[in-house]
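Good morning, colleagues. Please take a moment with the sequence and the structure, and then I shall go through a few of its features.

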Amino acid sequence: MRKQARAQINRIPPKYPYEDRLLFLPYHPAQELVERLDTCPERPEWVWDFSKEASGKMKRQIFDALNYFLREDENGKLLREHLKGLWRFYRFCVEEQVEDIERMAFDQIRKYREQAVEAGRSQEAGILDRCKKVLFLQAKDIHWDANVWYLERLSLQPERIDPSNPVVSLSFVDVTHDRNRQLLKKYMKYGLGLTDLSLRYLQYRPSNFHLPNFPFPVK
C-alpha cells in the first residue's frame, strides 16, 4: 500500500486539458482521476468555475493543483480536505485578483491566512503552501521567479546543507521591496547554480548588499 501523501512530488506529471469553463468533477476529462472521489467520506466540491473573470495563469495553477490532489491523494479524507481547502482558496484568488500563486504579494498571503483563521478554518491556510510546492516541483523548468524555492527541486550536494539544521525552502516573500527581492533572487540563483558555497553562507552573505530584511526566512 502506498503512502497517503508522497514525500516527493512527481516532476513530470501527466497533462490534462484545461478549458475556461465550468468543470463538474464527475465529468473531468481524465476519468481515472474521478474514481478517487469514490473514496471520499463526504462529497467534495463538485463545481469548479474556471470561466470566472480572473488571471488565466492563476486558474491553470489551481487546475494543476486540483489534478495533483486527485491523482496523488490515496486517502479519501485527505483528498476531501485538500479539495475543500483548494476550492475556497480559488474563490479567494478570484476575489482578490491574484495573478500568480507562486508570486502572491505579502499582503495577499497575510489576508488569506487571517480570513481562514477568522472563519475557524486555520488548518486550511496550509493549502497555499501546498499549492506553491506542487507548482514549483512539477514545473518543466525551475521557476526562478517564484517567491518560494523548494530545495528538493534544486538537487544541491549534501555537503552544502547543514545536517543539523536542514533547509526545506527559501522564501523571498518577506522582502516586500520589489527591486530588492529581484536582486536577492539573482544573487541566490548565481550562488546556488554557479558556486559550491554552502547554503548557510549564501543566506547571510547578502547583508553585504545592504538590503533590508536579511537573513531572509528559510524553512
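**A buried lysine and its surroundings**

I begin with Lys59, whose place is in helix α2. Please keep in mind throughout that this is a predicted model. Is Lys59 buried or exposed? Lys59 is buried, because its relative accessible area is 4% and the cut-off for burial is under 20%. Leaving aside neighbours within four places in sequence, Lys59 is in contact with Tyr18, Asp20, Phe50, Ser51, Lys52, Ala54 and Tyr90.

One of these contacts, Asp20, deserves separate mention. Asp20 and Lys59 form a salt bridge, with the closest N and O atoms 3.0 Å apart. Asp20 lies in the segment before β1 (22-24) and Lys59 in helix α2, so the pair ties together parts that are 39 residues apart in sequence. Asp20 itself is partly exposed, with a relative accessible area of 46%. As general background, side chains of opposite charge can pair when their charged atoms come close.

Let me now turn to the helix that carries this lysine. Helix α2 covers residues 56-72, and its 17 residues should span 24 Å at 1.5 Å a residue. The end C-alpha atoms of α2 are 24 Å apart, which agrees with that expectation. How many of the residues of α2 are buried? The count is 13 of the 17, so α2 is largely enclosed by the rest of the structure. At the N-terminal end of α2, Ser55 acts as a cap: a side-chain oxygen of Ser55 lies 3.3 Å from the backbone nitrogen of Lys57.

I move on to the other salt bridges. The structure holds 10 of them. In one, the side chains of Arg88 and Glu124 meet at 2.5 Å, N to O. This pair links distant parts of the chain, with Arg88 in helix α3 (residues 76-95) and Glu124 in the loop between α4 and α5 (127-138), 36 residues apart. Arg88 counts as partly exposed, at 23% relative accessibility, whereas Glu124 is buried, with a relative accessible area of 8%. Arg88, Arg121 and Glu124 are linked in a network of salt bridges.

Arg121 also appears among the contacts of Ala116, a residue of helix α4 (residues 106-118). Not counting residues up to four places away in sequence, Ala116 touches Arg121, Ser122 and Ala125. Ala116 counts as buried, at 8% relative accessibility. Its C-alpha atom is 9.3 Å from that of Arg88, although the two residues are 28 apart along the chain.

A further salt bridge joins Asp178 and Arg181, with the closest N and O atoms 2.9 Å apart. Both residues lie in helix α7 (residues 178-194), three residues apart, which is about one turn of the helix. Asp178 is partly exposed at 43% relative accessible area, while Arg181 counts as buried at 14%.

On the surface, Leu22, Phe24, Tyr27 and Val47 make a nonpolar patch of about 430 Å². Val47 belongs to strand β2 (residues 47-49) and is partly exposed, with a relative accessible area of 44%.

Finally, the chain as a whole. It has eight helices and four strands, running β-α-β-α-α-α-α-β-α-β-α-α from the N terminus on. Of its 219 residues, 46% count as buried. The chain exposes about 12100 Å², of which carbon and sulfur atoms supply 50%. Among contacts between residues at least 6 apart in sequence, 64% join residues at least 24 apart.

How values were computed: Residues numbered from 1 in each chain as written. Predicted model: local features only at pLDDT ≥ 70, side-chain atom pairs only at ≥ 80, totals over all residues. Heavy atoms only, no water. Patch = residues over 30% accessible without salt bridge, like charges linked within 9 Å, V, L, I, M, F, W, Y side chains within 5 Å. Areas by Shrake-Rupley, 256 points an atom, 1.4 Å probe, with all protein chains shown as cover. Salt bridge = Lys/Arg side-chain N within 4 Å of Asp/Glu carboxyl O. Helix = DSSP H or I, 4+ residues; strand = E, 2+ residues; numbered from the N terminus. Buried < 20%, exposed > 50% of the residue type's maximum accessible area, 1.4 Å probe, protein only. Expected span 1.5 Å × (residues − 1). Polar contact = N/O pair within 3.5 Å; in protein donor to acceptor, adjacent residues only side chain to side chain. Contact = heavy atoms within 4.5 Å.
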